[in-house]
Structure formats: structure tokens, C-alpha cells
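Could you walk me through this structure, stop by stop? Open it in your viewer, keep the selection tool handy, and let's go.

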Amino acid sequence: MIMSMAIKSKPILVKQAVCRYLSTSPVQRLYIQNNLHNDQTHTSQPAMDPNAKLYDFRSDTVTAPTDEMFEVMKKATRNDSVFEEDDSVHELERHVADLTGHEAGLFCASGTMTNQLGLRVHLTQPPHSVVCDARSHVHLWEAGGIAFHSRASVSPVIPRNGVHVTATEIEGNLIEPDLHTAPTRVVSLENTLSGMVMPLQDMQEIAALARDRGLAMHLDGARLWNAHVASGVPLHEYGKCFDSMSLCLSKGVGAPIGSMLVGNRKFIDRARHFRKLFGGGWRQAGSIAAAAKYCIDTVVPTMDATHALTRYLADQLVSLDIDLQNPVHTNMVLIDTARVGLNIQKDVAPALLRKNIKIGGMGSKSRIVLHHQIDKEGVDLLLSVFREVLAQHNTRKFQQEQELASAEA
């Protein structure tokens, strides 16, 4: 079991063996097959009572725009952003670029788009490859975009500490130029990853290695805002490590839509061209940009409270003998209910849905995500359902044991 704040703890990795088709040889199951609790796999779940308050723990992408956001959106400029004529878009792009210490920014529709644009600008001529954490969003959850858009292969690294990759691990997985290889051209990191914060020092060491080897550094900072709040590290300090950074605005930040890509001016000009090629140019985007700027100013300061509530949830679940898959650093609790005998899909999710609570998961694993629209009342309600389901399960188990004992007697 992993305690919620044990940042240095090393989770035990259990290898699952499966058999290949028409073969009896056991092979280790692919990482992606073991992690279908990710939010990309959730099916539609209608609320049981549409008039009651809904608590959605499936992801921080599910936050709903507020009335205050719509008021801000009505006051935004309404000009053409593809022609670079919208002041609200310009204001957001300058603001995020300044926060991260970069020259320029590009406002886009999604984090997948800003990641893929950033990598595509760096990857100019195949054969080439990207080295990254094996659990990275750019590797697992962007529909093979690195191969499709950039014609690049990926060198996935499994971190031995279970939390983040190290410079030594990255160096050991770099591919040198050779007639037979696709040389490494980009190092891509992610912070946070599954809610875990990557220490600044490790990022600095990897950045020094990359620059010594002439490699570009890209950051998937979809939840860098959470890392910034949890660690106290300014965004511009993170920014010094990277040539490009993707920062999502519709996850923990709570904006209706959007993500930012930052870099130097020449890089962003090239990314803007590729955005048009990808079909991602948007016209009157000022209202969306204004809402995102408002959320940066008003929601990001609340993340510390969200993180504290997440730790409370994790501690309470641990007290029920539910295991944590990872240390809890920010707004995610990844649980494994195998030890207490609960199945997320069969036992937990239906009971929660009856209380207007949504979670995702598969088998015994679930990723529970908090955001600014989850309050303590919702967390306590979720915990009460877990306790009730667990009590019912234990009662059934006891009765079955008693019946078996009677039969044997």
C-alpha cells in the first residue's frame, strides 16, 4: 500500500502474464492495457436525478462553464483570430507566454493539438524519434499522433522510481545517429503525470543533458498549473527547461475549451502555420480566450484547496484498506480495490451513480480526479457510498463463509 504523501515511495509493480494467440508463451501485458482507468475510456453515464447536484470525478475536463464566465465572454472582442486581429486572444497568448518566460504563445483547441504542434515543429526530417515516459499522454492517449503527424517513432522509458523519469534513464534510452536507427531529436516530459509532480531539479538535469546533445525539450504541461501550485515553483522556472510547452486550460484551470503552446517567436510562427494545416485555425475565438484568462486568474488560486481535499479523500480511502497506485501530490487519487474485493464497474460505479456521482474505472482500478467544482460534501458523499458498498460486500462474504462452513459440517 502506498501512503498518500509518500513522494519517495516505490510502488510494487505486479507483472500480469497473458498468452499470445496460438502460443503458450507468457508475455507481459502492455502498459496501456493495464491502465484503462484513464479518462479516455469513459462511456456516457446519465445522472440518476437530473435535478440533484451532480459530482463528476472522472476527470477535471468535465467542469461546466459558470455564469461568471459567460459574463466575461460577452465582453470579449469578436475579431478574426486567424488574421491575428483579436485582442482577447492576443491578451491570453501574451499572458501565458509571460508567465512561462517565453516569447510568444499560440491559443489552440486542445492539449492534444498543442502537444502535436509542438512536436511537429521540432521534428523536421525523418528518420527521427522522441524519448518520453512510457506513461506519457503524447505516447498513449493522442491516437498515435507522433507517428501520424511527425512520422516519428517513440522510445518509451519506464521510470524505476515509479514517479518520474530521471536524466540517467533518459540518457540510457537516447538513440544515436546510425544507418539503422531513428535518432532521438526530442525529449518530451510531462508534469504532472497521473497527478504526480516531477521535481524541478530532475527536469533541469534532463534539460542540461538534452542541450549538451543538441536535442529539443518539450513539456506536456497539461496540469503544470497544479504542479506549480503544489511545488511553489514559478511557471517561468519550469519554462527555462523547455523549448516548447503545452499548457491546457480546460482541465484543472476550468476553462470551457482551449490549450496554449509557448516557445520563441519563430517557433510559434511555424506552429501557427501547422495549426492552419491541421485545420485548427479558429476565427472569432475571443470569447473563449477571455474565459480562459478569467479562469487562470480565479480558478488557479483555488488549486491548493483542491489538493488538500484530494489528500483528505486519499487518506480516508486508505483507512478503508483501499490501496493507492501512486503517491497523491495534487488532484488525482488512483486506487486499486483488489485487496478489499470490490469491482469498480460492478460494485462501486453503479452505487455511486445512484447518488449522482460519476467515476471511471475498470476491474479493480479507478482514477478519481478532483477539480474546482468538487466540494467536501461531494467527497464525503463518495466516501459514504464506498463504506456502504464495502460493508455490503463484507456481509455477503461472511454469509458465504458461514454457509460453506455449515455445508462442510
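Start by selecting Ile357, which sits in strand E13 (residues 357-358). Keep in mind on the way that this is a predicted model.

**Stop 1: around Ile357**

Is Ile357 buried or exposed? Ile357 has a relative accessibility of 1%, so it counts as buried, the cut-off for that class being under 20%. Now show its surroundings: leaving aside residues up to four places away in sequence, Ile357 touches Tyr55, Phe57, Leu352, Gly378, Leu381 and Leu382. Pick Leu381 from that group and draw a distance: the C-alpha atoms of Ile357 and Leu381 are separated by 8.5 Å, with their positions 24 residues apart along the chain.

**Stop 2: strands E12 and E14**

Next, select strand E14 (residues 365-369), where 4 of the 5 residues are buried. Add strand E12 (residues 332-336), which pairs with E14 in the antiparallel sense over 5 bridges. To check the register, look at Met332, which stands opposite Val369 of E14.

**Stop 3: salt bridges**

Switch to side chains now; the structure holds 13 salt bridges. Begin with Asp375 and Lys53, whose side chains meet at 2.9 Å, N to O. This pair links distant parts of the chain, 322 residues apart: Asp375 is in the loop between E14 and helix H14 (376-408), and Lys53 is in the loop between strand E2 (26-28) and strand E3 (55-56). Asp375 counts as partly exposed because its relative accessibility is 26%, and Lys53 counts as partly exposed too, at 48%.

Move on to Asp56 and Arg58, a salt bridge with its closest N and O atoms 2.7 Å apart. Both Asp56 and Arg58 are buried.

Then find helix H11 (residues 286-298), which holds both Lys293 and Asp297, 4 residues apart, or about one turn of the helix. Their side chains form a salt bridge at 2.9 Å, N to O. With a relative accessible area of 17%, Lys293 is buried, whereas Asp297, at 41% relative accessibility, counts as partly exposed.

One more selection for this stop: Glu171, Glu176 and Arg213, which are linked in a network of salt bridges.

**Stop 4: the seven-stranded sheet**

Go back to the cartoon view and find the open sheet of 7 strands, in the order E4-E10-E9-E8-E7-E5-E6, with mixed pairing. Its edge strands are E4 (104-108) and E6 (153-157), each pairing on one side only. The twist from one strand to the next averages 20°.

At the E6 edge, select strand E5 (residues 129-133), which pairs with E6 in the parallel sense over 5 bridges. Here Val131 has Ser155 of E6 as its bridge partner. As you turn the view, remember that side chains in a regular strand alternate between the two faces of the sheet.

**Stop 5: helices over the sheet**

Colour helix H7 (residues 200-212), which lies across strand E7 (184-190) and strand E8 (216-220) and runs at about 150° to E8. Then colour H10, which lies across E4, strand E9 (244-248) and strand E10 (259-263), at about 20° to E4.

Which helix packs with H10 (residues 265-277) at an angle of about 115°? Select helix H3 (residues 111-122): the axes of H3 and H10 are 9 Å apart, and the crossing is right-handed. Show the contact as sticks, with Met113, Leu117, Gly118, Arg120, Val121 and His122 from H3 facing Phe267, Arg270, Ala271, Phe274 and Arg275 from H10. By class, the contact has 6 nonpolar, 2 polar and 3 charged residues.

Terms used:
Residues are numbered from 1 along each chain as its sequence is written. This is a predicted model: local features need pLDDT of at least 70, side-chain atom pairs count only at pLDDT 80 or more; totals for chains, interfaces and linings use all residues. Side-chain values use heavy atoms; hydrogens and water are left out. Buried means under 20% relative accessible area, exposed over 50%, partly exposed in between (1.4 Å probe, protein chains only). Helices (H or I, at least four residues) and strands (E, at least two) are DSSP runs, numbered from the N terminus. Two strands pair if DSSP finds at least two bridges between them. Axes are lines fitted to C-alpha atoms, for helices over the stretch in contact, and angles run from 0 to 180 degrees between N-to-C directions. A crossing is left-handed if the near helix is turned anticlockwise from the far one by less than a right angle, and right-handed if clockwise. Contact means heavy atoms within 4.5 Å. Ala, Val, Leu, Ile, Met, Phe, Trp, Tyr, Cys and Pro count as nonpolar, Asp, Glu, Lys and Arg as charged, and the others, Gly among them, as polar. A salt bridge is a side-chain nitrogen of Lys or Arg within 4 Å of a carboxyl oxygen of Asp or Glu.
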